[in-house]
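Please open the model in your viewer and keep the selection panel at hand. The tour begins with the whole chain and then turns to individual elements.

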Amino acid sequence: MNWKTFESVRHIQMTNDGERHTAVAAVDRKGRFARNESSFRDRVSDIVSEKNRYKLIVSYACPWATRCLSVLYLKGLDDGIEVDIVHPTWQKTRRKRGKEDEEDTDEDDGHAGWVFPNENCRWIQHLSGIESAKFEVQAYHTRKDPKKTKKTEFYSIRDFYEEHDNSYKGPFTVPILYDQTEKRIVNNESSEIIRDLNARFQPLAKNATLDLYPESKRKEIDEMNEWTYRAINNGVYKCGFARTQEAYEEAVEELYEGLERLESVLERSKMKFLVSDDEVTEIDVRVFQTLVRFDEVYVVYFKTNKKCIREYKNISAYVKRLYAMPAFRKATNMWDIKTHYFTSHVALNPYGIIPKGDPSWLT
Ligand SMILES: N[C@@H](CCC(=O)N[C@@H](CS)C(=O)NCC(=O)O)C(=O)O
């Protein structure tokens, strides 16, 4: 066990004392998880026809990022917008000045977050330093074309934020929509990125006729976005990152009320998707990402164990229906999902053991 590294990372994951921090530390005085507002909120104002001017930086593990990835695949934008994928296990994000090798991280900097390993790096070590706790690096996790960024190379997601604003203290989150011409973060808020992917890249979209936010359904989608975000998408995090029994119980109650409500919406409507029988919309994309992770991760890790998704008749059939669609399937990588949650927060799972689970019900 490397106690020095472990302690510095644990400290920063548990406190919010003005140092660079992660979302895990965002709690209020009552121990309730209080998510930070996203900070980069420019929108893509013109219609984009230039290939690979923008890139989307994601983790397969993150439900907010894979929202964007599903939309990118649904719209057929995979040849028009580049995608960079980070490794799911958080690492120290600051390397010693002048050192190229990511093993050489700055011991005095406790921040841990998303990184792109070198292409010759085969394993990522758990931050506990325990020898046996190491996680494979796939080619898709490795560092991407350095010429497209302002600095000579980027190692961590934090590097992208600090290129943009060196005084920014985090959290250094994905997804990021990055402008490769202006070399800047345009937006880091998934609910806005999916709207821009839906509407602003039409000349590059192979499936431009699909409208995920159609005029006639906007009111219904907005209304559903509100309660599903509060109770379900953000609700699982409020359960998992709660620091008092009271905060946890409040969050669990709200979460399961939300799931019962979703179950009855699907029971009553008998439609294939949430607000339409023939076309998927953004509400399906948003809700799916939480539901598909629920039984494999949240039930154990976030203590949302009153009921599994596979026990809900209508919700489980709905998740399976979406999972059968290539755009959803391609954006779902269960290895990255499980590896991230169980190996990144040293304060919550110090040994990085990944529970077995069984996602076979999805197919
Ligand atoms: N509001 C953001 C939330 C994104 C977010 O919380 N991403 C998490 C991963 S699931 C992250 O990157 N966290 C990094 C950190 O906390 O340091 C969005 O919806 O885009």
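A residue is buried if 20 or more other C-beta atoms, placed from the backbone, lie within 10 Å of its own, exposed if 12 or fewer, and partly exposed in between. Select the whole protein: of its 363 residues, 45% count as buried. This is a predicted model, in which local features need pLDDT of at least 70, side-chain atom pairs count only at pLDDT 80 or more, and totals for chains, interfaces and linings use all residues. Residues are numbered from 1 along each chain as its sequence is written.

Colour by secondary structure next, and 10 helices and eight strands appear (DSSP runs numbered from the N terminus: helices are H or I with at least four residues, strands E with at least two). The radius of gyration is 20 Å, close to the 21 Å of the globule rule for 363 residues, so the protein is as compact as a globular protein of that length (taken over C-alpha atoms; the rule is 2.2 Å times the number of residues to the power 0.38). The C-alpha trace spans about 60 × 50 × 35 Å along its principal axes.

Now select strand 1, residues 54–58, where four of the five residues are buried. Add strand 7, residues 176–179, which runs antiparallel to strand 1 and is joined to it by four bridges (strands pair if DSSP finds at least two bridges between them). Here Tyr54 has Asp179 as its bridge partner.

Then add strand 2, residues 82–85, which is parallel to strand 1 and also joined to it by four bridges. Lys55 is bridged to Glu82 in strand 2.
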